[in-house]
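Hi,

Here is the structure I said I'd pass on. Have a look at it first, and then read my notes below.

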Amino acid sequence: MADLAKEYLILWASQTGNAEWIAKNIHTEAGKKGYKGQCFVMDDYTIAPLQQTGVIILVASNTGDGDAPDNSLKFWRFLRRNKDKTYLNNAKFTILGLGDSNYSNFNYTGQRLEKKFKELGATMFYERGMADDAEGLENVVDPWIEKLWEVLPTVLSQDTALSITESVNSEKELEKQMTELQIEPELIPFSMKNRKNTLPQAVENYTKLENSLVENSETKPVESPPVTATVEYVKGYPLHISLDGLEAGVKLTGLPRISVPVAKLTKLSEQQLETKENSVPDFVVTPAPVTYVPVTMVSCLTTADAVKRTLELELDVGQDTHFEPGDAFGILAPNNEQLVQAILNRLNIPSSEYNCLYTVEGENLPTHLEKATKTRLIDLFRYAIDFTSHPRKALFRMLADHTTDPKEKLTLMYICSKQGTAAFNAIRDESPTLLDILDSFPNCQPPVERLLDLLPAHLPRFYSISSSPLKRQGKIRFAFNVVNYTTTGNAQRKGVATPWLDNLTSLVPSRTTPENQEIDISGLGIKVPMYIRPNANAFVLPTKTERPLVLIGPGTGIAPFIGFLEHRQTQRKIRMSMGTVGHPREIQESFGPVYLYYGFRDKSKDFLFEKEINQFKQDGIITHLAIAESRATETKVYVQDLIKRDAEKLYELIVKKDAAIYICGDAKGMARGVQDALVEMLVLYHQVDVVEANKILMEWISSKKYLRDLWA
Ligand SMILES: Cc1cc2nc3c(=O)[nH]c(=O)nc-3n(C[C@H](O)[C@H](O)[C@H](O)COP(=O)(O)O)c2cc1C
């Protein structure tokens with residue numbers, strides 16, 4: 001029999017790419033250290049040697065409210081069904097969980113994985129890491145990986161074990177020096193203004209040391225002279241970086257681990273391919289086929305003086321598209337074109353290159369680049385890379401190696417060091433784009449390939465369907481806030497898909513009365529690329545119409561419930577029109593009570609779907625309407641306050657009459673507040689303690705009595 005402990009297996013689950021990036025980095029680095037093993041996404045567990053590998057490393061993030069990422073749902077089904085207590089008897093495992101402590105179920109998937117793997121007979125060889133995005137993932141991830149390299153030689157009995165141990169030890173010495181960068185007191189200037197133009201020797205040494213560990217496989221993708229701009233490009237907002245922690249004698253510690261270069265970008269031909277606007281390139285992988293559907297209606301649901309601008313759009317998806325109210329769909333919007341072109345220009349890429357064909361290759365490439373083997377350069381920038389999400393420390397660390405200015409280098413090193421935590425967090429809070437970062441360091445010129453390595457994937461944006469297929473056959477409606485705001489540092493920020501949709505539909509005027517105007521734009525020929533997302537969380541109506549419903553959805557969280565209510569309204573109309581089926585009262589009774597908890601800031605500005613909700617109430621489709629207005633009066637009222645107010649009634653409905661609970665909206669504050677209110681209800685009326693109440697909620701979640709559709 002093969003020696004099981006000879007190879008490792010890494011399994012990852014990732015919603016937005018962090019866990020994938022970390023898992024693949026561990027895999028690449030393990031390979032460099034001489035270990036043998038494989039790396040798979042969890043849902044590929046059937047082709048992964050799960051029972052044939054003695055050492056399993058799990059890297060998993062969370063989504064929703066402690067839910068597992070979409071690409072691990074099949075694996076979870078398999079784990080749940082597997083009751084064989086000896087299934088993983090031969091496996092030793094460890095877990096690196098990624099979460100965010102702002103969410104009520106911090107790192108829940110990591111805890112569940114540990115429990116399940118132990119139930120299947122596996123033993124833990126190294127304690128679970130619980131990284132926190134709120135504090136910076138690197139704070140836990142980096143030391144956890146360092147320690148992994150210490151532990152691995154003892155659990156992996158590879159033939160190369162001796163040489164690995166030696167190499168690990170010598171690297172450890174180097175890394176020790178690397179993570180503690182001592183800057184000579186006399187070389188530390190106190191402000192950026194009077195900083196010397198020479199790099200402190202310690203920084204030079206550090207860089208040399210670090211680079212000696214990284215095989216220099218970078219190739220310059222585009223060898224072209226700097227562009228003299230003839231076009232006016234947008235400029236980035238400069239970052240305001242406080243160097244308060246950078247004092248004389250300071251030791252920069254906890255610098256991020258070196259990320260091994262992966263992507264190689266090679267030009268395939270000079271041939272200029274025709275520009276196809278709004279056309280999603282083939283390398284973009286989606287779980288269902290992408291279709292281009294006409295936009296037929298647009299309406300603005302808020303007034304001009306509301307804090308947010310909310311739009312409702314209708315798409316003509318055709319009679320053959322199957323969906324239910326509550327299903328979600330993805331829209332593949334490109335990155336903002338001005339931003340894309342400004343970044344290309346900032347990277348000295350001439351516009352003559354934009355439409356040339358390129359290939360991206362490399363071992364352990366991130367999933368979003370795997371199929372980019374023949375693509376126009378501009379499409380990589382429009383559809384593959386995310387230029388607007390929170391920057392990783394590893395990005396700043398890489399940029400430090402690509403600036404010619406010592407001041408910039410030191411500042412970049414400081415930002416990603418432990419001493420620069422406050423500066424890093426302040427930068428994150430400002431949500432800078434890549435352009436903002438690059439324009440703040442004018443002498444920094446990173447290779448495109450390293451950006452491909454270190455920037456996250458550009459992802460589809462998901463929306464909940466706010467209409468019923470019974471009422472609007474072949475049509476989908478959805479509502480969203482147009483993301484456009486000013487940061488505390490006075491930078492103007494925009495979302496990706498929502499301003500794009502707003503522009504496409506020619507910036508419709510705001511609502512002037514409670515009755516928003518629906519504008520028919522079917523004649524304009526506007527199409528958007530989209531796909532229906534199979535509903536993984538079963539956020540759909542129960543099949544039995546008698547079952548009572550509790551719907552909780554402030555802001556645009558109301559959208560799927562409008563679909564639910566339209567559906568119920570149409571179902572009732574159909575039953576009524578069939579006449580013979582029953583007495584109107586019987587028909588009315590065949591629909592259970594519906595409690596709607598809905599919140600907004602100000603009734604006169606952002607009461608979305610006001611007319612429709614009032615009509616549902618009048619028709620008896622909504623039996624209890626609880627409205628929370630948070631900004632109109634002195635006392636701010638939120639949906640969770642109304643749930644607490646109605647606790648006794650709700651207990652009766654939820655526990656005694658088995659109501660299904662649905663919650664939709666902000667995953668942080670609102671979901672947490674509602675969870676606490678439901679716990680309070682159980683403590684008061686079910687007479688259990690808080691721990692037991694939380695357990696009951698978890699049971700409701702797994703039995704799908706409590707359904708959640710949450711977003712950040
Ligand atoms: C919509 C959403 C919901 C989340 N829910 C949770 C949660 O319930 N518990 C938690 O610990 N972290 C939660 N997180 C934080 C993520 O797990 C964390 O940001 C992680 O770094 C994401 O890794 P990924 O890119 O591999 O998916 C959530 C993040 C988002 C965007």
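In what sense do strand 9 and strand 13 pair, and over how many bridges? They run antiparallel, with five bridges between them. If you want a spot to start from, look at Thr 266, which sits opposite Thr 359 of strand 13. Keep in mind throughout that this is a predicted model.

That pair belongs to an open sheet of three strands, ordered 9-13-14, with antiparallel pairing. Strand 9 (264–269) and strand 14 (375–376) are the edge strands; each has a single partner, so one side of each has no neighbour in the sheet.

Towards the start of the chain there is a parallel pairing to look at. Strand 1 (residues 8–13) and strand 2 are joined in that sense by five bridges, and Leu 9 stands opposite Gln 38 in strand 2. To get from strand 1 to strand 2 the chain passes through helix 1 (residues 18–32), and this β-α-β crossover is right-handed. Strand 2 (residues 37–41) also has two distinct faces: Gly 37, Cys 39 and Val 41 are on the covered one, while Gln 38 and Phe 40 are on the uncovered one.

Next, two backbone oddities, both in loops. Asn 348 has a positive phi of about 65 degrees, although it is not a glycine. You'll find Asn 348 between helix 7 (337–346) and strand 13 (357–361). Phe 609 also has a positive phi without being a glycine, near 60 degrees, and its loop runs between helix 18 (603–606) and helix 19 (610–618).

Are these two buried or exposed? Asn 348 has 14 other C-beta atoms within 10 Å, so it comes out as partly exposed. Phe 609 has 21 C-beta neighbours inside 10 Å and therefore counts as buried, the cut-off being 20 or more.

Last one: Cys 444, in the loop between helix 13 (434–440) and helix 14 (448–454). Why does Cys 444 count as buried? Because 22 other C-beta atoms lie within 10 Å of its own, and 20 would be enough. Setting aside neighbours within four places in sequence, Cys 444 is in contact with Leu 399, His 402, Thr 403, Glu 408 and Leu 438. Now compare Arg 472: it is 28 residues from Cys 444 along the chain, and their C-alpha atoms are separated by 53 Å.

Shout if you'd like to go through any of this together.

Cheers

How values were computed. Residues numbered from 1 in each chain as written. Predicted model: local features only at pLDDT ≥ 70, side-chain atom pairs only at ≥ 80, totals over all residues. Helix = DSSP H or I, 4+ residues; strand = E, 2+ residues; numbered from the N terminus. Buried ≥ 20, exposed ≤ 12 C-beta atoms within 10 Å, placed from the backbone. Pairing = 2+ DSSP bridges. Right-handed = clockwise from strand over helix to strand, strands pointing away. Contact = placed C-beta atoms within 7 Å.
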